[in-house]
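Please open the structure in the viewer and keep the sequence panel visible beside it. The tour below proceeds by selections, each followed by a description of what is found there.

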Amino acid sequence: MNPEEREELARLLPSPGEPVLTSDRHDLLKDHLMRQLTEQAPEIPEIPEIPEIPEIPEIPELQNNATAPARRARAPRRRFAAIAVPLATAAAIIAAVLVGTAGSKPATTDADAVDLLHRIAEVAAAKEAVPVRDDQYIYVRTQGSMRFSESENDIRVLREASWTAVDGKRAGLRRVTVLVGPTFRPRDPFSSYSKGTHDMRLTPDPNVATFRELQALPTDPDSLLEKIYAGTKGEGQTRESAALEKIGDLLPDATLLPELDAALYRAAAKIPGVSLVTDTKDYTGRSGIGLTFKEHDDGHTVWVFDKNSLQFLGTPDEALLDVGVTNRAGETPDRKK
């Protein structure tokens, strides 16, 4: 066939087009490619499961050397110093990774709640500071409950008064009055928490912040919050939750220090996730207005304030009944002008 005839025949035939794989051949090659990628990809280690860390209860020095049960009251005021706790730090890091991978949304803040915090701060700042000497005691009276076993039936309602030395160098006193609980039993390991009133000696603790150390804290909200963040590093699920726990622990004693009290509320207003609870009650049933934070460890802690005076009443788990200064342990504050 000469060239002219071949060219004429090519014009009569359809164009061969682009080479295309059949669908079954395409799927086969795709599966082969995915197997290669899987075999070559580095193995991603699993995040180890974090063991549940049991809550360590506050163990007061009892007269009969019995071990104190777990309590739902406020924790002791720890010093503002970073303490290395490797397990807690590791747990916090892994928790942060888990939160990040879950794509959680940032906490939202209620503008009305922030406004309330600032109004509470203004009321606190307007109070008169209480003069305190080194040889005196800080008196705090609360009412709450303690659980003495896994049984919900073994919860004892108690009213507690504590006297701590202003300088932190002398022993104090803890007086517990059990309002609801069993009568004294000789072999009861928790006989110091049987129905009635029991005195316990409070030994000075170098890990607990003294009143003088509280006085030394900065009253600028930003500086105070940074100080709290540094002092609670490695604690809580997030630095915000640890900071809120610390602020809540400081509120009772801070009522004697107006500038610090106001700074604590203004610092709390800078932590995201605060919301308003329009109608709530403290442990004793006193009605008030509440503030709750998404970042609180238990997710439902509420700070309760009197609706008229905006005085801090405590929480639904523990009511703050009185705060003052005494000359001796065991005395009640003199309210005479």
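Which residue of β9 does Gln143 stand opposite? Select Gln143 and look across to strand β9: the residue facing Gln143 is Ala319. Please bear in mind throughout that this is a predicted model.

**First stop: strand β1 and its partners**

Extend the selection to the whole of β1, residues 137–147. This strand is mostly covered, with nine of its 11 residues buried. Next, add β9, residues 319–326; β1 and β9 run antiparallel and are joined by seven bridges. Then add β2, residues 155–165, which is also antiparallel to β1 and is connected to β1 by 11 bridges. To see one of these pairings, select Tyr137, whose bridge partner in β2 is Ala165.

**Second stop: Arg156 and Ser194**

Remain in β2 and select Arg156, which is found in this strand. Is Arg156 buried or exposed? Its relative accessibility is 2%, and Arg156 therefore counts as buried, the cut-off being under 20%. Display its side chain and follow it to the backbone oxygen of Tyr193, which it reaches at 3.0 Å.

Now select Ser194, in the loop that lies between β3 (172–180) and β4 (196–202). Ser194 is likewise buried, at a relative accessible area of 1%. Although Ser194 and Arg156 are 38 residues apart along the chain, their C-alpha atoms are separated by 8.5 Å. With neighbours within four places in sequence left aside, the residues in contact with Ser194 are Arg156, Val178, Pro182, Thr183 and Phe184.

**Third stop: helix α4**

Select residues 111–125, which form helix α4. The end C-alpha atoms of this helix are 21 Å apart, and this agrees with the 21 Å that its 15 residues should span at 1.5 Å a residue. Within α4, colour the buried residues: Ala113, Val114, Leu116, Leu117, Ile120, Ala121 and Ala124. Rotate the view to look down the helix axis; the buried residues of α4 fall within an arc of 155 degrees, so they line one face of the helix. The face turned away from this buried side carries Ala111, Asp112 and Glu122, which are exposed.

At the start of α4, show the side chain of Asp110, one oxygen of which comes to within 3.0 Å of the backbone nitrogen of Asp112. Then display the elements that cover the buried residues of the helix, including α8 (258–268), β5 (274–281), β6 (287–293) and β7 (302–305).

**Fourth stop: helix α8 and an aromatic cluster**

Of the elements covering α4, which include α8, select α8 for closer inspection. Nine of its 11 residues are buried, so α8 is largely enclosed by the rest of the structure. Among these buried residues are Pro258, Leu260, Asp261, Leu264 and Tyr265.

How many aromatic pairs does a search of the whole structure find? The search finds four. One to display is the edge-to-face pair of Tyr265 and Phe305, whose centres are 5.7 Å apart and whose planes form an angle of 65 degrees. Since Tyr265 lies in helix α8 and Phe305 in strand β7, the pair ties together parts that are 40 residues apart in sequence. Both Tyr265 and Phe305 are buried. Finally, add Phe312 to the selection: Tyr265, Phe305 and Phe312 form one aromatic cluster.

Terms used:
Residues are numbered from 1 along each chain as its sequence is written. This is a predicted model: local features need pLDDT of at least 70, side-chain atom pairs count only at pLDDT 80 or more; totals for chains, interfaces and linings use all residues. Side-chain values use heavy atoms; hydrogens and water are left out. Helices (H or I, at least four residues) and strands (E, at least two) are DSSP runs, numbered from the N terminus. The expected span of a helix is 1.5 Å times one less than its number of residues. Buried means under 20% relative accessible area, exposed over 50%, partly exposed in between (1.4 Å probe, protein chains only). The arc is that of the directions from the helix axis to the C-beta atoms. Contact means heavy atoms within 4.5 Å. A polar contact is a pair of N or O atoms within 3.5 Å; within protein, one must be able to donate a hydrogen and the other to accept it, and residues adjacent in sequence count only if both atoms are side-chain atoms. Two strands pair if DSSP finds at least two bridges between them. Rings of Phe, Tyr and Trp (its six-membered ring) pair if their centres lie within 6.5 Å; planes under 30 degrees apart count as stacked, over 60 as edge-to-face and the rest as tilted.
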